[in-house]
Amino acid sequence: MHVRRKLVAGNWKMNGSLHQLAELSAIAAAARGAPGVDVAICPPFTLIASAVARGGGIPIGGQDCHHQPSGAFTGNVSAAMLKESGARLVIVGHSERRAEQQESDAQVLAKAEAALAAGLQTIVCIGESEAEREAGQAVDRCAAQLAGSIPELSGDAELVVAYEPVWAIGTGRTATCDDVREIHAAIRGALVDRFGDAGGRIRILYGGSVRGDNAAELFAVDNVDGALVGGASLTAEQFVPIIEAAAHS
Ligand code: PEP
């Protein structure tokens, strides 16, 4: 039986400003008050260096990276560049990028490999659409994304999986605990099948409209090892209760 620390990671998406980094002080204070919980914030690229400086020690991460270390890829940022800017983690394969940038499993896999090779803790997102859930394909869809987007384990950097049902992201609709239990169990099974004992140590986050008032019940679900939080990570007022729920889980 593996004991996995809870990880509560905030994804600011294309939100935030230098002014908003003031939120990090209270978030860092809450993180210090929850020594059993890992807390991280992923602001836009432009805020990473400032967030590292003002983040009170909270790990700061990116929301994407390119799979190549450098080159003629206008507008992109490599994993090594993220690392140099002070980032300690990165999210890859978020459903907004899979949808808006048409990122395939193969591209997400390449990004995850590059991120791990650069020494970044790497959160790979998977999750079914509403149509796939209604068609009874949620487990199969997640299994396929997992098989296609998760790299081999190598090096010291940590791989994390985030299950984020697309229909629950930013909608205020949260998956039921039974649905989360089913998918997280399937993910755990696939990770153990593929990686053996190491698959039991990989943290699986839930993401999709996590808030202070639903975090505790989600964290009580088997194989929920934390949360990837969008909207509610933008202010300490909303994010701190999620950290506290993780601390008490
Ligand atoms: C996310 O962006 O990963 C996310 C889960 O967003 P929200 O918490 O706003 O649903």
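## Reading a pocket and a ligand site

Colleague: How many nonpolar, polar and charged residues make up the lining of the largest pocket?

Modeller: The split is 5 nonpolar, 4 polar and 5 charged. Here Ala, Val, Leu, Ile, Met, Phe, Trp, Tyr, Cys and Pro count as nonpolar, Asp, Glu, Lys and Arg as charged, and the others, Gly among them, as polar. Bear in mind that this is a predicted model, where local features need pLDDT of at least 70, side-chain atom pairs count only at pLDDT 80 or more, and totals for chains, interfaces and linings use all residues. Residues are numbered from 1 along each chain as its sequence is written, and side-chain values use heavy atoms, leaving out hydrogens and water.

Colleague: Which helix gives the largest share of that lining?

Modeller: Helix 4 (residues 95–100) does, with 3 residues. A helix here is a DSSP run (H or I, at least four residues), numbered from the N terminus.

Colleague: Now the ligand. Which residues are closest to it?

Modeller: A residue is near a molecule if one of its heavy atoms lies within 4 Å of it. In this model 14 residues surround the ligand, and the closest are Lys13, Glu164, Gly170, Ser209 and Gly230.

Colleague: And what is the class make-up of that shell?

Modeller: The shell has 4 nonpolar, 8 polar and 2 charged residues.

Colleague: Where do side chains make polar contacts with the ligand?

Modeller: For the ligand, a polar contact is a pair of N or O atoms within 3.5 Å. A side-chain N or O atom of Lys13 is 2.7 Å from a ligand oxygen. For Glu164, a polar side-chain atom lies 2.7 Å from an oxygen of the ligand, and for His94 the distance is 2.9 Å.

Notes
Polar contact = N/O pair within 3.5 Å; in protein donor to acceptor, adjacent residues only side chain to side chain. Helix = DSSP H or I, 4+ residues; strand = E, 2+ residues; numbered from the N terminus.
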